[in-house]
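Here are a few exercises to work through with the model open in your viewer. Try each task before you read its solution.

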Amino acid sequence: MIRIYNSLTNRMEAFKPIRENEVSMYVCGSTVYDNIHIGNSRPVVFFDTVARFFTFLGYQVKFVSNFTDIDDKIIRKAKQEETTETVISERYIASILDTYRALNCLPHYKNPKVTETIPEIVQFIELLVEKKGAYVVDGDVYFAIDQVADYGILSGQTKEKLIVGARIEENEKKENPIDFNLWKKTEEGLRFPSPWSEGRPGWHTECVVMINSIFHGPIDIHGGGLDLKFPHHDNEIAQAEVAFNHHIANIWMHNGRIDMAGEKMSKSLGNIIWAHDLVRTIGYQVYRLLLLNVPYGQPMTYRPELITQAETDLDKMMRPYIALKRKLQLEKKSIKVATSLTDASLKGLHQEFVEAMSNDFNTANAITVLFKVAKLLNSMLRSPELNETLASEVVFLFEQLTWVLGIEKALAPLTEEEIDLVRKWQQARQNKDFQTADHYREAVSQLGVFLS
Ligand SMILES: [Zn+2]
């Protein structure tokens, strides 16, 4: 049984999929006026790990994440560069998709864009107007929060408090100061025809419409960064309540943010770490370990020492894995690994890993289990007689578990020439010809062969 902390109820809840053996997930993506930084990449890596775990358990996972390609920030950037918004958004969509791949994320089921969802968004706003959940003023459409009794249910804010806060920037067109914009009449930037005006949709509407168009009903899991909880996610829920009479998702999950040694990451502070730069430097395995070492709900403070730690951790687990795989090939001529587990202690570790992940995706504990598997790999490597079945099962287990965390690495078998090189090194050692052995040592070590 998988238990997940639901931000909507503030409780751990047993996961029960809406459709049998299927998991529907939606995570709010980026507004595409720039690349993503390490903070933006946390939900990307974490929810990819969630999707991988469900897949590992046999679920069919449909994971959707959008691109917001209509926004004031995109208009501003296009003006700065004297180009079109389409040029800007296409550039960053391509770049962000590249970053997703570099982070070893599985391809998403769909990556909808606002510009491709306009007819559905217009239809949806029409439905809200029809249901009296929205009103039209001079070509603009606003959501009427008074139509929702439990507005603010997710973040736990009361309407009264919010109204006091919103008074400062009061807009005379609104019936209630916290009503939010669904459609904006505009003469600037990309705009589309609608029954109300030529304009564009507000940000809070796109996700609800995308989810509904793709899944035709509520989904299992809606995720995003903690900073989206209010108002974005509360507004999504409010619209879904009026339009469809449900909360758009059964489970809401929010990841904590990443700070730079206590400061918020921002352009003005000049302390932004771009995800594509960092992953190019340290690789996806270290990158993912760095993020997954911290429980997703907690805030994380980035420090360069954490990278060193993750590098050491990765080396500790990958080195014996590669060495044992090499040993299997060299000694047993077996390149294929097992496809199931028969050994009881290995089954136990498998179970322990599943339990850690089933406990609200406790990736930190799951990594601890990987270390236990690495310890077994190590002891097998040092045992004088290699038990082929057992060794091949440990390798299989390790490959499965690293895949769930997205830190797996494809390892090509040694080529004939490489095997020949290892044989020469072994022969020289047997002959106590240490000079020749030393000559091959470095090359053999590079292949990941255990030097003992
Ligand atoms: Zn969203």
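**Exercise 1.** Find which residues of H9 meet which residues of H12, and describe how the axes of the two helices cross.

*Solution.* Start with the contacts (heavy atoms within 4.5 Å) in this predicted model. On the H9 side, pick out Met317, Met318, Tyr321, Leu324, Lys325, Leu328 and Lys332; they meet Glu388, Ala391, Ser392, Val395, Phe398 and Glu399 in H12. Next, sort these residues by type: eight are nonpolar, one is polar and four are charged. The classes used are nonpolar for Ala, Val, Leu, Ile, Met, Phe, Trp, Tyr, Cys and Pro, charged for Asp, Glu, Lys and Arg, and polar for the others, Gly among them.

Now the geometry. Two packed helices are described by the angle between their axes and the distance between the axes. Here, H9 (residues 304–332) and H12 (residues 388–405) have axes that come within 10 Å and cross at roughly 140°. The axes are lines fitted to C-alpha atoms over the stretch in contact, with angles from 0 to 180 degrees between N-to-C directions. Last step: the H9 and H12 crossing is left-handed, i.e. the near helix is turned anticlockwise from the far one by less than a right angle.

A note on bookkeeping: residues are numbered from 1 along each chain as its sequence is written, and side-chain values use heavy atoms, with hydrogens and water left out. Since this is a predicted model, local features need pLDDT of at least 70 and side-chain atom pairs count only at pLDDT 80 or more, while totals for chains, interfaces and linings use all residues.

**Exercise 2.** Work out which atoms coordinate the zinc ion and what the angles among its four donor atoms say about the site.

*Solution.* First, list the donors (N, O and S atoms within 2.8 Å of the metal, or 3.2 Å for Na, K and Ca; water is not among the atoms, so sites may look incomplete). You should get Cys28 (SG), Cys207 (SG), His232 (NE2) and Glu236 (OE), at 2.0 to 2.6 Å. Second, read off the sequence spacing, C-x178-C-x24-H-x3-E. The cysteine pair links distant parts of the chain, 179 residues apart: cysteine 28 sits in the loop between strand E3 (22–27) and helix H1 (38–56), cysteine 207 in helix H6 (residues 203–215). Third, check the angles: they run from 80 to 127°, and the site is irregular. For four donors, tetrahedral needs all angles between 85 and 135 degrees. Finally, cysteine 28 and cysteine 207 are both buried (under 20% relative accessible area with a 1.4 Å probe, protein chains only; exposed is over 50%, partly exposed in between).

**Exercise 3.** Examine helix H7: how many of its residues are buried, and what is the phi of asparagine 245?

*Solution.* Begin with burial: 13 of the 16 residues of H7 (residues 229–244) are buried, so the helix is largely enclosed by the rest of the structure. Then look at the backbone. Most residues other than glycine have a negative phi, and most peptide bonds are trans. Yet the bond from phenylalanine 230 to proline 231 is cis, with omega near 0°, and proline 231 is found in H7. Just after H7, asparagine 245 has a positive phi of about 65°. Asparagine 245 is exposed, at 70% relative accessibility.

**Exercise 4.** Is phenylalanine 361, another residue with a positive phi, buried or exposed?

*Solution.* Locate phenylalanine 361 in the loop between helix H10 (344–358) and helix H11 (363–382). Its phi is about 55°. At 1% relative accessibility, phenylalanine 361 counts as buried.

Definitions and conventions. Four donors count as tetrahedral if all angles lie between 85 and 135 degrees; four count as square planar and six as octahedral if opposite donors are over 155 degrees apart and all others between 65 and 115; anything else is irregular. Helices (H or I, at least four residues) and strands (E, at least two) are DSSP runs, numbered from the N terminus.
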